[in-house]
Amino acid sequence: MKKSLAESDRKIALVRGKNVQRMAVFSSFEEPEIYKQALQYVIDLKKRGIKTVDFYLAFENKKSQDAFESKKQEICFSPADFNLVGKYKNQELKDKLSQEYDLLIDLTEGASLAADVVIAKTNAKWKAGRANDERSFLLDFMIQQPKEKGLKSLIHYLDDYLMKFNSAA
């Protein structure tokens with residue numbers, strides 16, 4: 001992943017909350033409650049008028065991914081969608097590689113290696129999530145907050161900082 005990031009031509013730039021038009025939100029489907037909270041955040045972002053909000057959903061395996069009925073704007077993937085060197089076998093993921101986002105929000109918190117691979121390869125001006133020393137190379141901005149506080153709290157603080165507080169001219 002570090003090699004992928006080093007070879008990337010991604011241009012890191014601070015994005016003001018009021019200017020965000022294209023977002024990627026990453027979550028994993030290990031726990032249905034976590035999925036519901038992340039999905040609700042995506043719905044809220046769309047209601048605010050953000051043009052594009054793509055919801056990337058990481059599954060533990062292909063079997064659980066196949067059993068899930070995905071909705072519009074959900075990009076589902078599992079480790080089976082990559083070959084041994086991390087190249088995409090999933091055409092939808094390949095197509096999304098050309099998409100440029102203003103902001104990427106990582107709600108996976110390292111629960112999925114497949115999600116980390118996709119996050120590393122996603123072209124976003126700014127990538128944000130919960131602070132984690134082992135994953136610091138993936139994200140440009142991290143919120144220091146204990147996991148015990150839960151996902152709703154992380155979403156609240158990320159959203160407050162990135163979309164509201166950071167909106168000043």
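**Exercise 1. In which strand is the place of Ala124?** Decide also whether Ala124 is buried or exposed.

Solution. The structure is a predicted model, and every step below reads from that model. Begin with the secondary structure: Ala124 has its place in strand β5. Turn next to accessibility, where the relative value for Ala124 is 0%. Because buried means under 20% relative accessible area, Ala124 counts as buried. Finally, look for a partner from elsewhere in the sequence: Glu100 is 24 residues away from Ala124 along the chain, yet their C-alpha atoms are 5.7 Å apart in space.

**Exercise 2. Describe the overall layout of the protein chain.**

Solution. First count the elements, which gives six helices and six strands. Then read along the sequence, where the order of these elements is α-β-α-β-α-β-α-β-α-β-β-α. As a third step, consider burial: of the 169 residues in the protein chain, 46% are buried. As a last step, consider contacts between residues with a separation of 6 or more, of which 57% join residues that are 24 or more positions apart.

**Exercise 3. Find the residues that touch the most other members of the largest nonpolar core, and follow one of them, Met23, to its contacts.**

Solution. The largest nonpolar core has 30 residues, and those that touch the most other members are Met23, Val25, Tyr41, Ile105, Leu107, Leu158 and Leu162. The elements that give two or more residues to this core are the strands β1 (22-28), β2 (52-58), β4 (100-106), β5 (123-130) and β6 (141-143), together with the helices α2 and α6 (151-164). Now take Met23 and set aside its neighbours within four places in sequence; its contacts are then Tyr41, Leu45, Ile50, Thr52, Val53, Asp54, Tyr101, Leu103, Ile105 and Met163. To complete the picture, a second, separate core of 20 residues has Tyr56, Phe77, Leu104 and Leu138 among its members.

**Exercise 4. How many aromatic pairs are there, and how are the rings of Phe59 and Phe68 arranged?**

Solution. The count comes to 12 aromatic pairs. For Phe59 and Phe68, the ring centres are 5.3 Å apart and the planes make an angle of 50°, an arrangement classed as tilted. Both residues can then be checked for burial: Phe59 has a relative accessibility of 3%, so Phe59 counts as buried, and Phe68 has a relative accessibility of 15%, so Phe68 counts as buried too. Compare this with the pair of Phe77 and Phe82, which is edge-to-face, with 6.5 Å from centre to centre and 85° between the planes. Phe77 and Phe82 are likewise buried. Returning to Phe59 and Phe68, these two residues belong to one aromatic cluster with Phe29, Tyr35 and Phe55.

**Exercise 5. Which residues line the largest cavity, and which helices each supply at least two residues of its lining?**

Solution. Start with the number of cavities: the structure holds one cavity of 30 Å³ or more. The space in the largest cavity is about 40 Å³. Its lining is made by Tyr56, Tyr88, Leu93, Lys96, Leu97, Val118, Lys121 and Thr122. Helices α4 (91-96) and α5 (113-121) each supply at least two of the lining residues. Sorted by character, the lining has five nonpolar residues, one polar residue and two charged residues.

**Exercise 6. Describe the second largest pocket, and then examine Glu109, one of the residues that line it.**

Solution. The second largest pocket holds about 200 Å³ of space. Its lining consists of Ser28, Glu30, Glu31, Ile34, Leu107, Thr108, Glu109, Ala111, Arg130, Lys147, Gly150 and Leu151, which divide into four nonpolar, three polar and five charged residues. Within this list, Glu109 lies in the loop between β4 and α5. The backbone of Glu109 has a positive phi of about 55°, although Glu109 is not a glycine. At a relative accessibility of 16%, Glu109 counts as buried.

**Exercise 7. Is Glu33 buried or partly exposed?**

Solution. First place the residue: Glu33 is found in helix α2 (residues 32-47). The relative accessible area of Glu33 is 45%, so Glu33 is partly exposed. As a final step, compare sequence with space: Glu33 and Leu151 are 118 residues apart along the chain, while their C-alpha atoms are separated by 9.6 Å.

How values were computed:
Residues numbered from 1 in each chain as written. Predicted model: local features only at pLDDT ≥ 70, side-chain atom pairs only at ≥ 80, totals over all residues. Heavy atoms only, no water. 1 Å grid on protein atoms, 1.4 Å probe; cavity = no way out; pocket = protein on both sides within 12 Å on 5 of 7 lines; lining within 4 Å. Points joined across faces, edges and corners; volume = space filled by probe spheres on them. Helix = DSSP H or I, 4+ residues; strand = E, 2+ residues; numbered from the N terminus. Nonpolar A, V, L, I, M, F, W, Y, C, P; charged D, E, K, R; others polar. Buried < 20%, exposed > 50% of the residue type's maximum accessible area, 1.4 Å probe, protein only. Core = buried A, V, L, I, M, F, W, Y, C linked by side-chain atoms within 4.5 Å. Contact = heavy atoms within 4.5 Å. Phe/Tyr/Trp six-rings, centres within 6.5 Å; stacked < 30°, edge-to-face > 60°.
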